[in-house]
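Subject: Structure handover

Hello,

Here is the structure we talked about. Please look it over first, then read the notes below.

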Amino acid sequence: MKKISYLPLILLILIAVGCEFDEAPKEEVQTEIKKPKPSIKEYGFTLDDYEVYRDTVRSGDSFGAIMDSHGVTRGRVFEVSEKVKDVFDPARINVGKPYTILKSKDSLSNVEVFIYEESRINYTVVNLKDSISALRNKKPVIIKKNIVSGVITSSLSAAMDNEGLSILLADKLADIYQWKIDFFKIQKGDQFKIIYNEKYINDTVYAGLANIEAAVLTHYKNPYYAFEFGKDSLSGFAKFYDEEANSLQSFFLKAPLKYSRISSRYTKRRFHPVQKRWKAHKGTDYAAPTGTPIWSTADGVVIKSSYTRGNGNYVKVRHNDKYTTQYLHMSKRNAKVGQRVKQGDVIGYVGSTGLATGPHVCYRFWVYGKQVDPYKQNLPSSEPLKESLKPMYFAKMDSLKKDLGEIKFKEI
């Protein structure tokens, strides 16, 4: 009888069973890894290490009162005030300004740091822990470049508002062009294009306008270019030039204030509203609300600051041997005889003193001692750009002008 071997069959069965086991799904165990929360850092401190209290200075608050409410003794407040007064004046904290207090996390909960924000960017840190000290610092700021195009339908500020832009940008643009363009005569259909920079704190919080790099404003269909280049050595303000490197800043400002309208121009015959008779009016009247700042239209020396029955409160400035200006009917004078003033310095405030029927400033202009109409004078320009700087200027200007050209003008 022949022997039958069962070994191959057994091997096949074992392989089949093994395959079944291999194909069975394995149960995966997932372990959730908790990520630690990122530390919050502000003002140079890790806030997680402290109890943090934030508030704003309210009416009636003082540094001492705020410290007292957080358990700091009067003696300690006096000691702190004396040691930091050269950096931080505790008596001059202002209502509405934010502050932050950092306290220890132990059972004593002592005040260790007081942080006062003077502005969105500038702040002062007063350290009360161990050795008392104070330090002024700034929040990290980044600059973002922007472009805008707009068209004027009524006013420059309204055009900016239509584009959702800050009124500060309108004021800055008006400041740049105030020596070239009479914004009282701005026309419907005038257009503008601007390349400008804005400041942001921590990449998100708007902190204001940084500067205007370049602009073009069409007025009566004529393009007026402005390119930033360098700063004034005295004022520190940015200087602007046109496409031929001519300064946009005139020796004289177009007007001595931001006015609502010209209520009366220079004329040799005008019916005086107070004296009720015909006489010459050798000045230009700018109507504006009482208290509006009046500024000197050019650098000079104050030669008169006084009051008369006709002029009311007035200031007179001699700019050089050729030019003199006078500012009448002020509510208050802000300049003394002998005082040197710079272009744009506030020398008084609009009022209606003397022979005046309403708040305005009467601006008078002399050339070699003769009163003239400033609007009919060919006034000198400010110091031109140095020849040695022109190659650098034109290289920068060409790039910015090309960028402006790529921005499309808006139409009404």
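Contact here means heavy atoms within 4.5 Å. Helices (H or I, at least four residues) and strands (E, at least two) are DSSP runs, numbered from the N terminus. Axes are lines fitted to C-alpha atoms, for helices over the stretch in contact; angles run from 0 to 180 degrees between N-to-C directions. Two strands pair if DSSP finds at least two bridges between them.

This is a predicted model: local features need pLDDT of at least 70, side-chain atom pairs count only at pLDDT 80 or more, and totals for chains, interfaces and linings use all residues. Residues are numbered from 1 along each chain as its sequence is written, and side-chain values use heavy atoms, leaving out hydrogens and water.

Now the findings.

One open sheet has five strands, in the order E8-E9-E10-E11-E12, with antiparallel pairing. Its edge strands are E8 (141-151) and E12 (238-241), each pairing on one side only. Neighbouring strands are turned by 30 degrees against each other on average, direction ignored. E11 (residues 222-231) joins E12 over three antiparallel bridges. Phe227 has Tyr241 in E12 as its bridge partner.

Two helices lie across E9, E10, E11 and E12. H5 (residues 167-177) does so at about 45 degrees to E10. H6 (residues 390-405) does so at about 135 degrees to E11.

Another open sheet runs E3-E4-E5-E6-E7, again five strands and antiparallel. E3 (51-56) and E7 (133-138) are its edges. Here the average turn between neighbours is 20 degrees, direction ignored. E3 and E4 (residues 98-103) share six antiparallel bridges. Glu51 stands opposite Lys103 in E4.

Best wishes
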